Amino acid sequence: MPVQVYKDLLEVMKSRRGPYAGMDIPEFYELVEELFTPREAEVNNVLGKKPLPAGDIAKQMGRDENEIQAILEAMADKGLCKTYMVDGGRRYQGVPFIPGIFEYQFMGGKTTERHKKIARLIHAYEQAYEAAAGEIKMTFPTSRVIVVDRAIDAGNTIHTYDQVANFIDKYDTIAVGTCYCRHAAQLRGEDVHGMPMDVCMWFGSMAEYAIERLGVRRMSKQEALDVLNTSEEAGLVHMSRNTTEDIEFICNCDRWHCGTVQAVLKQSRPALFFNSGFQPRFDPDLCTACETCIERCPPEALTLGDDDVPEVDLDRCFGCAVCATGCPSEAIAMEAKLDFPIPPKDTKELVASIKASYAK
Ligand code: SF4
Ligand code: SF4
């Protein structure tokens, strides 16, 4: 039987939302008992979204400030909470599993026995969670697939929230770390199909924390664009939170290891969960029926039609443009989908849109 502090931790992680937010199954407790000591779990359970000084957190718990500060520092070094400076003072903040604790364990590329064990436990928890959760009911995209501007048909109006360059311009601090999903897969002894590893990008306060504590590297805006290009050549999908203001991260995901992509691919209509708002248009005069796009398409949304031109299943297509950027004949243009919902402004609006979609 899990002790009470880990049962409380379950409710806290559920309230922080995000993929795999928390489920009362044995795999959850096996994982969190490895991640958090009981004292760390206790501190985690009082951390909120608002970043606070250690003194305030200690007061809330009725405990000594030095003791709580030491626990918080150890947690920050283990990737269990976020910390950064605000107006010259250190603050601590609770984080969800994704984006947050799961990625923080692996973005520094560490290969210790503990990291290998955590990689196995996270995988087991994700698998058990998916098996128990079944088909996802919501219909509003939680994640936004981002298309690099040059892949988009010149006839489209490109909104600022569709432009990768706009996201990169917005933040002074950008960090690049090891892909959490592929590194965790390597730690479990799996093949990563030659995909690039150092392509996970973090922005703003997330990036500051990751540079200070988790062993990731600061990079320039130009390097960030280069990382996107490298990812695109490899056929990776650029993914972020579906909001216009606080993106915090861009993941470059593959179809074999990204836990979230894999979970979505098991749904009957994957395009409802990830989407860019664009779809491919094929030029039959340029297409040579080489099938490169069909092989590259991560959700297997393409088939060769009777006229030897690819046809797209829009229930599966993310609008990622991996087909367009890999077409040797430049026969694919990405065009805007009609009636695609404008992304919510921030996380609060996103949660409201997701809840509303459940009710339909
Ligand atoms: S990659 Fe280009 S040329 Fe080849 S089948 Fe697809 S659209 Fe046609
Ligand atoms: S058809 Fe496949 S590769 Fe092309 S945009 Fe859709 S999901 Fe991406």
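Helices and strands here are DSSP runs, numbered from the N terminus, a helix being H or I over at least four residues. The views below show a predicted model.

**View 1. The cis peptide bond at the start of a helix region, between I98 and P99.** The peptide bond that joins I98 and P99 is cis, with an omega of about -10 degrees. P99 belongs to helix α6, which covers residues 97-106. Most peptide bonds are trans.

**View 2. Two residues other than glycine, Y20 and E300, with a positive phi.** Y20 has a phi of about 55 degrees, a positive value although this residue is not a glycine, and it is found in the loop between α1 (4-15) and α2 (26-35). Because 22 C-beta neighbours lie inside 10 Å, Y20 counts as buried. E300, also not a glycine, has a positive phi near 55 degrees and is placed in the loop between α13 (292-296) and β11 (302-304). With 14 other C-beta atoms within 10 Å, E300 is partly exposed. Most residues other than glycine have a negative phi.

**View 3. Helix α9 and its covered surroundings.** Helix α9 is mostly covered, since eight of its eight residues are buried; these are Y180, C181, R182, H183, A184, A185, Q186 and L187. The buried residues of α9 pack against two helices, α6 and α7 (113-133), as well as against β5 (200-203) and α12 (259-265). Just after α9, the chain reaches G189, which takes a positive phi of about 85 degrees.

**View 4. A184 within helix α9.** A184 sits in helix α9, which spans residues 180-187, and it counts as buried because 25 C-beta neighbours lie inside 10 Å. Leaving out residues up to four places away in sequence, A184 touches F106, A119, I122 and H123. A184 and K117 are 67 residues apart along the chain, and their C-alpha atoms are separated by 9.8 Å.

**View 5. The largest nonpolar core.** The largest nonpolar core has 97 residues, and those with the most contacts inside it are L72, C200, M201, W202, A210 and C323. Helix α6 gives the most to this core, with six residues. Domain 1 (4-133) and domain 2 (143-337) both give residues to the core, so it lies between them. In soluble globular proteins, nonpolar side chains tend to be buried together.

**View 6. C323 and its contacts.** C323 is one of the residues with the most contacts inside the largest nonpolar core. When neighbours within four places in sequence are left aside, C323 is in contact with P280, C293, R296, C297, L302 and I332. C323 is also among the closest residues to ligand 2, while its contact partner C293 is among those that come nearest to ligand 1.

**View 7. The shell around ligand 1.** Around ligand 1 there are 13 residues, of which C287, C290, T292, C293 and C327 come nearest. By class, this shell divides into nine nonpolar residues, three polar residues and one charged residue.

**View 8. The shell around ligand 2.** Ligand 2 is surrounded by 13 residues, and the closest of these are C297, C317, C320, V322 and C323. The shell around ligand 2 has twelve nonpolar residues and one polar residue, with no charged residues.

Technical notes. Residues are numbered from 1 along each chain as its sequence is written. Chains are lettered from A and ligands numbered from 1 in the order in which they are written. This is a predicted model: local features need pLDDT of at least 70, side-chain atom pairs count only at pLDDT 80 or more; totals for chains, interfaces and linings use all residues. A residue is near a molecule or strand if its C-beta atom, placed from the backbone, lies within 6 Å of it. Ala, Val, Leu, Ile, Met, Phe, Trp, Tyr, Cys and Pro count as nonpolar, Asp, Glu, Lys and Arg as charged, and the others, Gly among them, as polar. A residue is buried if 20 or more other C-beta atoms lie within 10 Å of its own, exposed if 12 or fewer, and partly exposed in between; C-beta atoms are placed from the backbone. Two residues are in contact if their C-beta atoms, placed from the backbone, lie within 7 Å. A nonpolar core is a set of buried Ala, Val, Leu, Ile, Met, Phe, Trp, Tyr and Cys residues joined through C-beta atoms within 7 Å. Domain bounds come from an automatic or database domain assignment.
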